[in-house]
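Here is a guided walk through one chain, with the sequence and the model side by side. Keep the viewer open and follow along, section by section.

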Amino acid sequence: MKINVGVVFGGRSVENEISVITANQAMQAMDKEKYSITPIYITKTGKWYSGEALLNVDNYRDTKKLLDMCEEVYMRPIYGDNNLYRTKKGLFKKEIVTKLDVILPALHGTNCEDGTFQGIMEFCGIPYTGCNTLASANGMDKITMKMILKECGIPVVDYSWFSDKEWDDKKAATIERIENHLGYPVIVKPANSGSSVGIRAAHNREELLEAVDYAISFTSRIIIEKYVQKLKEVNCAVLGNYYDCEASVCEVPVRSGEILSYQDKYMNGGKQSQGMQSTVREIPANLPEASTDFIRKTACETFRALDCDGVARIDFIIDEATGDIFVNEINTIPGSLSFYLWEYSEINFDKLIDRLIDIAFRRKQDAGFKAVNYGENIFAAKAAGGSKTGGKFGKLGK
Ligand SMILES: Nc1ncnc2c1ncn2[C@@H]1O[C@H](COP(=O)(O)OP(=O)(O)O)[C@@H](O)[C@H]1O
Ligand SMILES: [Mg+2]
C-alpha cells in the first residue's frame with residue numbers, strides 16, 4: 001500500500017508563488033513507488049483546490065483557468081478525520097476525495113508557515129512534516145525568535161522592537177529609544193516578513209520614518225536592527241529533531257544591492273520558475289574551517305532552542321569588519337526545502353522527503369504516548385461535602 005501524501009501549498013501569503021515552486025519540486029522528486037500524491041493548492045483568498053492540473057507549473061500563468069480544471073476541497077477540523085472532502089458532490093461523485101496519511105506543508109510565509117496551518121493539522125491529529133505549531137510561530141516572528149535565541153546564548157544582532165500602535169501613539173519616544181540604543185544605520189523589518197518583503201535600510205531619521213511606515217503597511221510588529229555594513233550572508237540547513245539533528249553544508253547567497261532582495265532570491269537570469277534554486281550562490285561556502293564549524297554547530301543549537309522538526313534553514317550574518325557571526329533568522333519551511341544543500345551530504349531530494357515523512361510519523365507516534373485526559377470527570381465526581389460544583393475543586397472558573 002502506498003502512503004497517501006497531501007502536499008499543501010500556495011496560501012494567503014506574499015510568498016504564494018514561491019510555495020508553488022517548492023511544492024512542485026517536491027512532488028517531482030517524491031518516490032512514486034512509495035507515495036501517492038494529492039496536491040492541495042490554497043488560493044490567495046484562502047480556498048482549497050485539488051486536481052492533476054496543479055502538477056504543471058505552466059498552468060499557474062492563468063489561475064482562473066487552472067482552478068476551473070480543479071475541484072474545490074476542504075478538511076474538517078475534527079480529531080481523527082483524515083479525509084479530504086469535495087465541496088460540490090454530484091450524483092456520481094462521492095463526498096470524500098481521498099483519505100490522507102500524512103501532509104507535507106510546502107507553504108511559505110504568513111498564515112501558512114507561522115503555525116496557523118500546523119495548528120489545523122494538530123487539531124485533526126494528522127501527521128505532518130516539518131516544525132510543530134510552536135516552533136513555526138516562534139520561527140516566523142523575528143522578535144520572539146531573537147528573544148529566545150538571546151536567552152539561549154545564541155548570538156543575534158542588536159535589535160529593538162515596537163508595535164504599530166506604539167509608533168502612532170509615542171513616535172518621538174520610540175525614535176529616541178531606537179537612536180539611543182542602535183544609532184544609524186539600521187534595518188527595518190516587519191517582524192513576520194519573508195522573502196525580503198517590506199524590509200528597508202535607514203541611514204538617518206528621515207529614512208527611518210519612511211522605512212517604518214513602509215514596514216507597518218505589511219504588519220503590526222516591527223523589528224529594527226543594527227545594520228551590518230560589511231556583511232557576508234551564510235545559510236545552513238538542519239535536518240532531524242531535538243534529539244537527533246545534523247547540519248548541511250553552508251552556502252553564501254550572492255546579492256546585487258544593499259539587501260538580498262526578492263529579485264536576487266527568485267528571479268535570477270530568468271530562472272524564476274526554480275524558486276530558491278535560482279539564487280546565485282557559492283556552495284559549499286568558501287569559509288575558514290573555524291567559521292564553518294561554528295555556523296554548523298550554532299545552526300543545530302538554534303534548531304533545538306526553537307524545538308524544530310524536519311528541515312529548517314538557518315541564515316547567518318558575518319560582520320566582516322569584526323568577524324562576529326550572528327544568527328539572522330530561521331526559515332521553518334525553507335525555499336525548495338533546501339534540497340540543494342542536502343545533495344552534498346548524499347541525501348537526494350527523494351531521500352530528504354523520506355526522512356521528513358518518517359520524522360512526521362514518529363512525532364505523531366510519540367504524541368500518542370502523552371496523556372490528554374487527567375483524572376476523573378469533575379462534573380461526575382461526587383463532591384466531598386457541598387454542592388456538585390463546589391467541594392473538592394472549589395468554585396468553577398477560579
Ligand atoms: N542586520 C542586518 N544588517 C544588514 N543587512 C541585513 C540585516 N538583516 C537583514 N539584512 C539583509 O536583508 C535581507 C532580508 O532580511 P531577513 O531578515 O533575512 O528577512 P527575510 O525573512 O525577508 O528573508 C537579508 O538577506 C540581508 O541581505
Ligand atoms: Mg532571509
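## How the domains meet

In domain 1, 26 residues are in contact with 24 residues of domain 3. Please keep in mind that this is a predicted model. The domain assignment of the chain lists domain 1 (3-128), domain 2 (158-226) and domain 3 (230-367). Taken over C-alpha atoms, the centres of domain 1 and domain 3 are separated by 25 Å.

Domain 1 and domain 3 also come together around the largest pocket, as each of them supplies at least three residues to its lining. That pocket has a section of its own below.

## Helix α1 and its neighbours

A good place to start looking is helix α1, which covers residues 16-29 and has 14 residues. From first C-alpha to last, α1 reaches 20 Å, close to the 20 Å expected at 1.5 Å a residue.

How many residues of α1 are buried? The count is 11 of 14, and the helix is mostly covered. The buried residues are N16, I18, S19, V20, I21, T22, A23, N24, Q25, A26 and M27. If you colour them in your viewer, you can look for what they pack against: the strands β1 (3-10) and β2 (35-42), together with the helices α9 (262-266), α11 (339-342) and α12 (349-367).

## E15, just ahead of the helix

E15 sits in the loop between β1 and α1. Is this residue buried or exposed? E15 counts as buried because its relative accessibility is 7%, under the 20% cut-off.

Leaving out residues up to four places away in sequence, E15 touches H108, G109, G194, S195 and Y266. For a sense of scale, E15 and K34 are 19 residues apart in sequence, and their C-alpha atoms are 29 Å apart in space.

## The largest pocket

The largest pocket holds about 700 Å³ of space. Its lining has 24 residues, and R362, R363, K364, D366 and A367 are the closest to the pocket's centre. Two elements give two or more residues to this lining, namely α3 (116-124) and α12. Which element gives the most? That is α12, with seven residues.

By residue class, the lining of the largest pocket divides into 12 nonpolar, four polar and eight charged residues. Helix α12 therefore turns up twice in this tour: the buried residues of α1 pack against α12, and α12 gives the most to the lining of the largest pocket.## Closed spaces inside

The structure holds five cavities of 30 Å³ or more. The second largest cavity has a volume of about 220 Å³. Among the 22 residues that line it, E15, E113, G194, S195 and N331 lie nearest its centre. The elements that give two or more residues to this lining are α4 (133-140), α9, β15 (310-319) and β16 (325-331). Strand β16 gives the most, with three residues.

The lining of the second largest cavity is made up of six nonpolar, nine polar and seven charged residues. You have already met some of these names: E15 touches G194 and S195, and E15, G194 and S195 are among the residues nearest the centre of the second largest cavity.

## Backbone details worth a look

Two cis peptide bonds deserve a stop. The bond from Y184 to P185 is cis, with omega near -5 degrees, and P185 lies in the loop between α7 (171-181) and β9 (186-190). The bond from I283 to P284 is also cis, with omega near -10 degrees, and P284 is found in the loop between β14 (281-282) and α10 (289-305).

Next come two residues with positive phi. D307 has a phi of about 60 degrees although it is not a glycine, and its place is in the loop between α10 and β15. D307 counts as partly exposed because its relative accessibility is 32%. E346 likewise has a positive phi of about 60 degrees without being a glycine, and is found in the loop between α11 and α12. Why does E346 count as exposed? Its relative accessibility is 73%, and exposed means over 50%.

How values were computed: Residues numbered from 1 in each chain as written. Chains lettered and ligands numbered in written order. Predicted model: local features only at pLDDT ≥ 70, side-chain atom pairs only at ≥ 80, totals over all residues. Heavy atoms only, no water. Helix = DSSP H or I, 4+ residues; strand = E, 2+ residues; numbered from the N terminus. Expected span 1.5 Å × (residues − 1). Buried < 20%, exposed > 50% of the residue type's maximum accessible area, 1.4 Å probe, protein only. Contact = heavy atoms within 4.5 Å. 1 Å grid on protein atoms, 1.4 Å probe; cavity = no way out; pocket = protein on both sides within 12 Å on 5 of 7 lines; lining within 4 Å. Points joined across faces, edges and corners; volume = space filled by probe spheres on them. Nonpolar A, V, L, I, M, F, W, Y, C, P; charged D, E, K, R; others polar. Domains from an automatic or database assignment.
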